[in-house]
Amino acid sequence: MSSRDNAAIFQLLALLEARYAIRVLWALRDGHPQTFRLLQDSVGGITPNTLNTRIKELREAGLMGRVAEGYCVTPAGADLLKRLSDLPAFAVRWTASQGRKRQPPAAD
């Protein structure tokens, strides 16, 4: 992978690492626009100020937009979410493996 590719990945990860950023996008994954309040409820635990900041950043990045009905993902945002669609299955397998690691070995 080239240094340019690495820089692009680091830039995307820096955007998504911001608190609640990926959760805001994930809340919009069904493709239906959401109002600010509905989006806040969908994300859960996010303050209005933080949500405003994430919306601004994600809109500037071209991953999220605004339509008459509310906020939605752009085609680029939908592409990113499609690429992350394997995440739930991975998370379930990973969580199960973490649980097995924490359990003490069975005594014979």
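This briefing covers the overall form, helix H5, the salt bridges and a surface patch of one protein chain. The model is predicted. The protein chain contains six helices and two strands, and its elements follow the order α-α-α-α-β-β-α-α from the N terminus. With a radius of gyration of 17 Å, well over the 13 Å that the globule rule gives for 108 residues, the chain is more spread out than a compact globule.

**Overall form**

- The C-alpha trace of the protein chain spans about 65 × 40 × 25 Å along its principal axes.
- Of the 108 residues in the protein chain, 28% are buried.
- The protein chain has an accessible surface of about 7700 Å². Carbon and sulfur atoms account for 56% of that surface.
- Among contacts in the protein chain with a separation of 6 or more, 51% are between residues 24 or more positions apart.

**Helix H5**

- Helix H5 covers residues 75-83, and its residues Gly-77, Leu-80 and Leu-81 are buried. These residues lie on the same side of H5, because they cover an arc of only 100° around the axis.
- The buried residues of H5 pack against three elements: H1, helix H2 (21-27) and strand S2 (70-73).
- Pro-75, Lys-82 and Arg-83 are exposed, and they sit on the face of H5 turned away from its buried side.

**Salt bridges**

- The structure has four salt bridges, and those described below include one in helix H3, one in helix H4 and one in helix H5.
- In helix H3 (residues 36-43), Arg-37 and Asp-41 are four residues apart, so about one helical turn separates them. They form a salt bridge, with 3.4 Å between the closest N and O atoms. Arg-37 counts as exposed because its relative accessibility is 51%, where exposed means over 50%. Asp-41, at 48% relative accessibility, counts as partly exposed.
- In helix H4 (residues 48-60), Lys-56 and Glu-60 are also four residues apart, about one turn of the helix. Their side chains form a salt bridge with an N to O distance of 3.9 Å. Lys-56 is exposed at a relative accessible area of 53%, and Glu-60 is exposed at 60% relative accessibility.
- In helix H5, Asp-79 and Arg-83 form a salt bridge, with the closest N and O atoms 3.1 Å apart. The two residues are separated by about one helical turn because they are four residues apart in H5. Asp-79 is partly exposed, having a relative accessible area of 31%.
- Arg-83 is exposed, with a relative accessible area of 61%. Arg-83 therefore appears twice in the picture of H5: it is a partner of Asp-79, and it is one of the exposed residues on the face turned away from the buried side.

**Nonpolar surface patch**

- Met-1, Ile-9, Phe-10 and Leu-13 make a nonpolar surface patch of about 450 Å².
- One of these patch residues, Ile-9, is in helix H1, which covers residues 3-17.
- Ile-9 counts as partly exposed because its relative accessibility is 36%. That value fits membership of the patch, since patch residues have over 30% relative accessible area.
- Helix H1 thus has two roles in this description: it holds the patch residue Ile-9, and it is one of the elements against which the buried residues of H5 pack.

Note on methods. Residues are numbered from 1 along each chain as its sequence is written. This is a predicted model: local features need pLDDT of at least 70, side-chain atom pairs count only at pLDDT 80 or more; totals for chains, interfaces and linings use all residues. Side-chain values use heavy atoms; hydrogens and water are left out. Patches are made of residues with over 30% relative accessible area and no salt bridge: like charges are joined within 9 Å, nonpolar side chains (Val, Leu, Ile, Met, Phe, Trp, Tyr) within 5 Å. Accessible areas come from the Shrake-Rupley method with a 1.4 Å probe; for residues, only the protein chains shown count as cover. Buried means under 20% relative accessible area, exposed over 50%, partly exposed in between (1.4 Å probe, protein chains only). The arc is that of the directions from the helix axis to the C-beta atoms. Contact means heavy atoms within 4.5 Å. The radius of gyration is taken over C-alpha atoms; the globule rule is 2.2 Å times the number of residues to the power 0.38.
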